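User: I'd like to practise reading a structure feature by feature. Can you take me through one?

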Amino acid sequence: MTAKNISIEFPGVLALDRVNFTIHSGEIRAVVGTNGAGKSTLMKVLSGVYPSWSGEICVNGKSVELRTPAEALKLGIGIVHQEVDSAILPDFTVFENLLMDDVASDNHMIYRRKALRRQAEAILKELGIELWPGMLAKNLTLAQKQLLLIAKEVHKKCRLLILDEPTASLSMAETQKLFQFIRRLAKEEHTAVVFISHRIGEILSVCESCSVMRFGRITDEFPVTEHTRTEKIVEKMLGRVADGREDTFGEHSDIRENPVMLEVSGLCDQKNSLKQVSFYVRKGEIVGLAGLVGAGKTEICKTVFGAEKKSAGVIKINGKEVFLKNPTDAVRHRIALVPEERRKEGICPSESIAFHLCVACLAKFCTCSILHKTAMGARARAAIEELLVSCRDEKQQIQFLSGGNQQKVIIGKWIEADCDIYILDEPMQGIDVGAKQEIFRMIKSLAKKGAAVLYVSSDISELLAITDRLYTLYNGQITAERKTAETEEQEIMYDMIGGNHG
């Protein structure tokens with residue numbers, strides 16, 4: 001396949017800018033880049049997900065119109081996205097999910113469950129995937145869902161297989177199995193494989209070539225050999241050897257004498273995503289937690305907030321151990337969580353701005369179970385002015401605000417609740433530069449008033465700009481702790497991709 005001068009624009013954003021990309025039969029090519037570089041966007045164009053691109057795509061030397069996933073399927077192009085749940089039918093079995101396309105595309109096939117189940121068993125056995133065909137897909141782990149979708153694409157005999165962060169939820173053993181049949185696909189079936197990953201060790205292990213993306217362009221391409229080094233790939237991803245302090249927001253605080261407000265020791269979760277995680281945050285401190293997709297960042301946030309169960313470890317607030325059974329317990333202990341998936345977990349789309357700003361502290365507006373909506377509205381108007389929320393009025397539904405303004409309201413909700421500990425999971429995701437600076441000011445203000453802030457992100461420039469101290473996370477483990485003022489961008493990236501962990 002060859003793609004020439006591929007461009008695509010979303011409202012206000014040039015996501016791909018005249019990209020040229022070529023991959024040959026039997027080649028395993030890595031595509032790397034920092035978050036927002038355009039990797040996933042390019043792959044969605046090549047798999048027919050995004051139809052509004054310009055340029056030219058050729059398959060086997062012939063120019064093709066790739067505007068729908070169905071057209072991609074006919075051309076032998078398959079993709080496994082990061083968001084595996086969107087491609088799984090949860091109430092169907094493993095074998096039904098695996099063979100659904102076969103059944104749907106053959107009008108003469110009689111839907112015989114036993115025959116299909118035997119066929120699925122054979123396919124899974126051939127690929128070395130240990131899944132029970134009769135199990136409902138909703139009961140699979142994230143890793144099992146990932147393997148099921150890969151098996152589904154491989155079964156289609158695709159000529160180009162695109163894997164977008166395929167190992168993010170896989171164990172080391174499962175990753176090695178995946179690599180084995182990727183190599184077999186390329187060598188025996190002559191399938192071209194695009195492998196998108198932030199884990200440089202995996203790229204060095206399985207890929208033969210590498211394309212580097214930055215700012216919607218491919219900026220470098222080179223073969224991957226035994227002489228290719230992690231540091232060199234990191235430099236090419238960043239585009240420079242730099243410390244990332246051009247956009248530093250204010251001075252970093254030194255609060256070594258402040259008491260520890262949040263302390264986590266030996267934390268493990270019931271999904272085995274976390275491995276003895278330990279960290280602490282002092283009063284008035286902004287501590288960063290840096291990690292890439294699948295590192296365990298969100299699992300830490302949800303476990304500390306009581307939204308997921310811990311299997312081991314101790315959580316202390318102001319030196320006293322607490323037992324958080326659910327988010328209600330966390331809120332009682334004055335802990336706030338701004339979740340990564342803002343629209344899914346952070347807002348009720350059809351509710352008003354006033355509802356969101358007051359929902360975490362409704363007791364302030366109640367007398368004998370009577371809710372004083374006038375008082376809520378007045379407080380919401382004051383908060384909107386303080387937070388610089390751009391909206392019609394406090395009655396406007398939050399779904400009609402921009403992403404940045406939604407995020408201000410979500411953080412503002414917890415400010416109104418007067419929390420002591422703020423956990424912010426990827427708080428700048430989908431936020432424009434102007435809103436980002438305003439939210440940075442909100443976070444700095446919280447710390448100055450004595451709150452402890454855990455700022456969780458995969459964006460190194462954000463972490464360098466806002467945090468006082470930071471931890472890096474890789475494969476569910478803390479890999480390093482550093483004082484931000486004495487840390488360089490390249491060091492953080494190196495630890496985030498497991499540079500010291502294979």
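Analyst: Sure. Keep in mind that this is a predicted model. Let's start with one residue: Leu46 has a relative accessibility of 0%, so Leu46 counts as buried.

User: Where does Leu46 sit, and which residues does Leu46 touch?

Analyst: Leu46 belongs to helix H1, residues 39-46. Leaving aside residues up to four places away in sequence, Leu46 touches Met1, Ala3, Phe21, Ile57, Leu66, Ile77 and Ile162.

User: How do I think about cores in general?

Analyst: In soluble globular proteins, nonpolar side chains tend to be buried together. Here the largest nonpolar core has 120 residues, and the members that touch the most other members are Ile182, Phe279, Tyr422, Ile443 and Tyr455. Take Phe279: beyond residues up to four places away in sequence, Phe279 touches Leu262, Glu263, Val264, Ile300, Val304, Leu454 and Tyr471. Another core of 30 residues lies apart from the largest one, and among its members are Met1, Ala15, Trp53 and Ala72.

User: Next, aromatic pairs. How many does the structure hold?

Analyst: The general idea first: a pair of aromatic rings is described by the distance of the centres and the angle of the planes. This structure holds 4 aromatic pairs. In one of them, the rings of Phe179 and Phe195 have centres 5.8 Å apart and planes at 70°, so the pair is edge-to-face. Phe179 is in helix H6 (residues 172-188) and Phe195 in strand S8 (residues 192-196), so to speak two distant parts of the chain, 16 residues apart, linked by the pair.

User: Are Phe179 and Phe195 buried or exposed?

Analyst: Phe179 is buried, at a relative accessible area of 1%, and Phe195 is buried too, at 0%. Another pair is Phe305 with Trp414, also edge-to-face, with 6.2 Å centre to centre and 80° between the planes. Phe305 is in the loop between helix H9 (297-304) and strand S14 (310-317), while Trp414 is in helix H14 (residues 403-416), so this pair ties together parts 109 residues apart in sequence. Both Phe305 and Trp414 are buried.

User: What about charges over rings? Which residue lies over the face of Trp53?

Analyst: That's Arg67, 3.8 Å from the ring centre of Trp53. Arg469 does likewise with Tyr280, lying over the face at 4.0 Å from the ring centre.

User: How do I read which way a helix faces?

Analyst: An α-helix has 3.6 residues a turn, so residues three or four places apart point the same way. Try helix H13, residues 373-387: its 15 residues reach 20 Å from first C-alpha to last, close to the 21 Å expected at 1.5 Å a residue. Its buried residues are Met376, Gly377, Ala380, Ala383, Ile384 and Leu387. They cover an arc of only 130° around the axis, which puts them on the same side of H13. On the other side, Thr374, Glu385 and Glu386 are exposed.

User: And which residues of H9 are buried?

Analyst: In H9 the buried residues are Lys297, Thr298, Ile300, Cys301, Lys302, Thr303 and Val304. That makes 7 of its 8 residues, so H9 is largely enclosed by the rest of the structure.

User: What covers the buried residues of H17?

Analyst: Helix H17 (residues 489-496) is mostly covered, with 6 of 8 residues buried: Glu489, Gln490, Ile492, Met493, Asp495 and Met496. The cover includes helix H8 (230-238), strand S13 (286-290), helix H16 (460-466), strand S21 (469-474) and strand S22 (477-483).

User: Last one: how should I read a positive phi?

Analyst: Most residues other than glycine have a negative phi. Two glycines here take positive values just after a helix: Gly306 follows H9 with about 85°, and Gly498 follows H17 with about 75°. Now the residues that aren't glycine. Leu388, just after H13, takes a positive phi of about 60°. Arg18, in strand S2 (residues 13-22), has a positive phi of about 50°. Asn318 has a phi near 55°, and its place is the loop between S14 and strand S15 (320-322).

Technical notes. Residues numbered from 1 in each chain as written. Heavy atoms only, no water. Helix = DSSP H or I, 4+ residues; strand = E, 2+ residues; numbered from the N terminus. Buried < 20%, exposed > 50% of the residue type's maximum accessible area, 1.4 Å probe, protein only. Contact = heavy atoms within 4.5 Å. Phe/Tyr/Trp six-rings, centres within 6.5 Å; stacked < 30°, edge-to-face > 60°. Lys NZ or Arg CZ within 6 Å of the ring centre and 35° of its normal. Core = buried A, V, L, I, M, F, W, Y, C linked by side-chain atoms within 4.5 Å. Expected span 1.5 Å × (residues − 1). Arc of directions from axis to C-beta.
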